[in-house]
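Please open the model in your viewer and keep the sequence panel beside it, so that each selection can be followed in both places. The stops below go from one selection to the next.

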Amino acid sequence: MNIERTTPSGSLSKGSGTLCVHAGEARQKPSQAITDSICCASTYTFESTQAVIDFIEQKQQREEYGRYGNPNEKVVEQKLAALEGGEHAIVFASGMAAFVGLLMAKLNAGDEVIFFDECYHRSREFCFKHLSRFGVNTHQVKTGDFQAMEDRITPRTKLLISESPTNPHLTVIDLERFAELGRKYRIESLIDATLATPYNLRPLDYGVDYVLHSATKYLGGHNDLLAGVVVGSAEQLESVRYLRGIMGGINSPQNLYLLERGLKTFALRMQQHNKNGQAIAEFLLRHPRIARVYYPGLPNHPTHELAKRTMHGFGGLITFEIKDADWKRTARVIDRVQIPRIGPSLGGVESLIEQPMVMSYFNYSPEDRLKFGIADNMIRLSCGIEDTDDLIEDLQQALEE
Amino acid sequence: MKFRTRAIHVGNEPDPATGAVVPPIHLASTFIQPGAGTWGTFDYSRSGSPTRANVERTLANLESGCGALAFASGMAATHCATMLLKAGDHVVAGSDIYGGTFRILHKICNRSGIEVTLAAAHDLDAVKNAVRPNTRMIWVETIGNPLMTICNLPLLAELAHENNALLGVDNTFATPVLTRPLELGADICMHSATKYLAGHSDCLAGVLVARVETLFKELAFVQNATGAVLGPFESFLLARGLKTLEMRVREQSRSALNLARWLADHPRVKKVYYPGLEEHPQHQLASQLLDNGFGAMISFEIDGDLDSTKRVCESTKLFGLAVSLGAVESLIEQPASMSHASYDAAARQRFGIRDSLIRISVGLEDVTDLQNDLEQALSR
């Protein structure tokens, strides 16, 4: 039975429900249970010394010690690999653990990394403050400026990094060009597609080497677990798994079970996130108090054409700016909202709202905020899967002066 | 707020202690009290616990009741409802109720001197004729199992109340997404929350929701006294499942309607029982009582005997062979040998549960994949 189908654009859609429910899972499970058990063991026992030796000599695949993996992780990894159309997936304790785990495994002193500058501020911080301590140099160039990226490439460049869409400006990257640039110079490429999800975009289909997610967001989907994942080829990821076993950023069996459970409704949830995102972005665009809306599904978004060509939908994250408002006046809108809760993170069933200037950039200088495009009057809304009209009504009342 | 929004937010207010967007799972079995003889909100977790109380608020809201009680299983919930009765009382129950309910009425309640008569719940006259002066409860399923009959809840509520009896409705197959029996006059709404409400085949749970406060208090008294309460982990999983309930039920109902239409045209299928089909005897009533779809349970008869029907059930690749229903995974079963095996053969015969009957629970998989799977199984 062929349950893997993709649309021409490389995103999941038709048949994805089957994949979400069944991919990666054994048809017949232990005890004939319909769902996977949660295997909490910290270690796994061998029946004899010979069994230990067989394992060491790789004659038998099995679990060894909890830091190297567990049965719940295997199922989730196979499900995520199937959803991304990738060969292999490695799950981590968080999205940042996945990012750090991949970079630490792939880079050596003297290597260089180039990334597009619109990105999660902790990813940037890790590269500039910590990778640098290990002799890896990072360069950032303007998002979407492929010429600038190419100009920065040297024989020491080992990795090209971008998000797509980016956070919080939701710029969509031309993945064909991105992957092509990597191939041309034999440099590996990484896309953080947390905001897109495989439902809307599958970067591996474009020839990107690695796709990374904070699975805490849409993949887990219920704001109740932390997880990260990297998907790519088994060969390229071998060193990543090996190093993770040493660094220890593994996820727990309980969490992984919840992630697997969340993935069962992933395609269904994404339909509503996409619907809410589009409807609310259109509502905000028409609202007199809104100065600007960043949403790739709107025709006025700078990368709308590219988004339309490559994405199945545009997700639930919307960034917008309040007209003629300083940060305090902007904060008043946030404080008046009734349904979305104020908090960092995104992608869960509950809508969340935040002011990037306050939530993530409060201790930055105004110059630095300006450099990263974080305006004082900017609001980031993560649309959950609530009823569309309820959310619009709520925003309408919050925007009344 | 609309159903979908309430399912996400009512009973899921952020934790005041930490701001956690998802309330914590409180495992405590007991709670420290402000003083001897002075009781706090929670005392001992059989009587109530924070995690269970949260999901009970969500459930009461979604079913339009004044209060809800969460139980260790659907049968624990049904049993609690029957504990309102006393020796000498009489129950009229639908003739195509769940086998477990049949068993509790005929083999447990009878020990306490409670009498039971079964009547076709979709036939108001049959129910009327079964009512006696000592009838204290009428118990029906919104959508009957396994023949998917639809009963007229508003008229049954009138009948029950005219006779000083309660109307209890097992709303498991319909879910509050399709209909809310308490809004139609029922007194008690029951769920095996193991099915659609939790929705992921990974926890057992039962629910009773009461329309009025006095009845709720009586039920809460029985629950506390008998103790079959839902644990904190299951309460959390149930609450998590409720957040996607509306989307799941709509999508699964949409797929089911497509499959029912396809099955109706299939040469090996003799009869399809699905309230969304125009040929279903209560299709009109179903259209009035149900919003957002006709549910995701379908029964159908094939041209086969017990063994060849069994073979069809055993040869699907995507549909799992199992009892239970309502989850993201599609399931298939043969009522005669599985879900309704606790009916004796004579009762099955009488109530039209034939050996060639197959029941499917349509999950969240892609509908084309499900159709292809049934096609290959039927061609064996």
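Begin by selecting B:Asn292, which is found in the loop between α11 (283-289) and β9 (297-302) of chain B. Keep in mind throughout that this is a predicted model. Although B:Asn292 is not a glycine, it has a positive phi of about 65°. Is B:Asn292 buried or exposed, or something in between? With 15 C-beta neighbours inside 10 Å, B:Asn292 counts as partly exposed.

Next select B:Thr175, another residue that is not a glycine and yet has a positive phi of about 65°. B:Thr175 is found in helix α7 of chain B, which covers residues 175-178. Here the surroundings are described by a count of 31 other C-beta atoms within 10 Å, and B:Thr175 is therefore buried, given that 20 or more are required.

Stay in chain B and select helix α6, residues 153-162, where B:Leu153, B:Leu156, B:Ala157 and B:Ala160 are buried. If you look down the axis of α6(B), these buried residues fall within an arc of 105°, so they line one face of the helix. An α-helix has 3.6 residues a turn, so residues three or four places apart point the same way. To find what that face meets, add α5 (124-130), β4 (135-141), β5 (166-170) and α11 of chain B to the selection, since the buried residues of α6(B) pack against these elements. Just after α6(B), B:Asn164 can be picked out by its positive phi of about 60°.

Now move to the sheet of chain B in which five strands are placed in the order β8-β9-β12-β11-β10; this sheet is open, and its pairing is mixed. Its edge strands are β8 (269-273) and β10 (320-321) of chain B, each of which pairs on one side only. Within the sheet, select strand β11 (residues 331-333) and strand β12 (residues 357-361) of chain B, which pair in the antiparallel sense over three bridges. B:Ile332 stands opposite B:Ile360 in β12(B). Then add helix α12 (residues 306-314) of chain B, which lies across β9, β10, β11 and β12 of chain B and runs at about 20° to β12(B).

Before leaving chain B, show chain A as well and look at where the two chains meet. How many residues of chain B are in contact with chain A? There are 30 residues of chain B in contact with 30 residues of chain A. On the chain B side, α1 (3-9), α10 (245-264) and α14 (367-378) each supply at least two residues, and α1(B) gives the most, with four residues. If you colour this side of chain B by residue type, it divides into 10 nonpolar, eight polar and 12 charged residues.

Cross over to chain A and select the sheet in which seven strands form the order β1-β7-β6-β5-β4-β2-β3; this sheet is also open, with mixed pairing. At the edges stand β1 (88-92) and β3 (137-141) of chain A, each with a single partner strand, so one side of each is left without a neighbour in the sheet. Neighbouring strands of this sheet are turned by 20° against each other on average, direction ignored.

Within this sheet, narrow the selection to strand β6 of chain A, residues 210-214. Five of its five residues are buried, so β6(A) is largely enclosed by the rest of the structure. A:Tyr210, A:Leu212 and A:Ser214 point one way from β6(A), while A:Val211 and A:His213 point the other way. Strand β5 (residues 188-192) of chain A runs parallel to β6(A) and is joined to it by three bridges, with A:Leu190 having A:Tyr210 as its bridge partner. The pairing of β6(A) with strand β7 (residues 228-232) of chain A is antiparallel, over four bridges, and A:His213 stands opposite A:Val229 in β7(A).

Follow the sheet from β5(A) to β4(A), which run parallel and are joined by five bridges; the bridge partner of A:Leu159 in β5(A) is A:Glu188. Then select helix α4 (residues 95-106) of chain A, which lies across β1, β4, β5, β6 and β7 of chain A and runs at about 45° to β7(A).

For the last stop, select the loop between β4 (157-163) and α7 (175-185) of chain A, where A:Pro165 is found. A cis peptide bond joins A:Ser164 and A:Pro165, with omega of about -10°. A:Pro168 is also found in the loop between β4 and α7 of chain A, and a cis peptide bond with omega of about 5° joins A:Asn167 and A:Pro168.

Conventions:
Residues numbered from 1 in each chain as written. Chains lettered and ligands numbered in written order. Predicted model: local features only at pLDDT ≥ 70, side-chain atom pairs only at ≥ 80, totals over all residues. Contact = placed C-beta atoms within 7 Å. Nonpolar A, V, L, I, M, F, W, Y, C, P; charged D, E, K, R; others polar. Buried ≥ 20, exposed ≤ 12 C-beta atoms within 10 Å, placed from the backbone. Pairing = 2+ DSSP bridges. Axes fitted to C-alpha atoms, helices over the stretch in contact; angles between N-to-C directions. Arc of directions from axis to C-beta.
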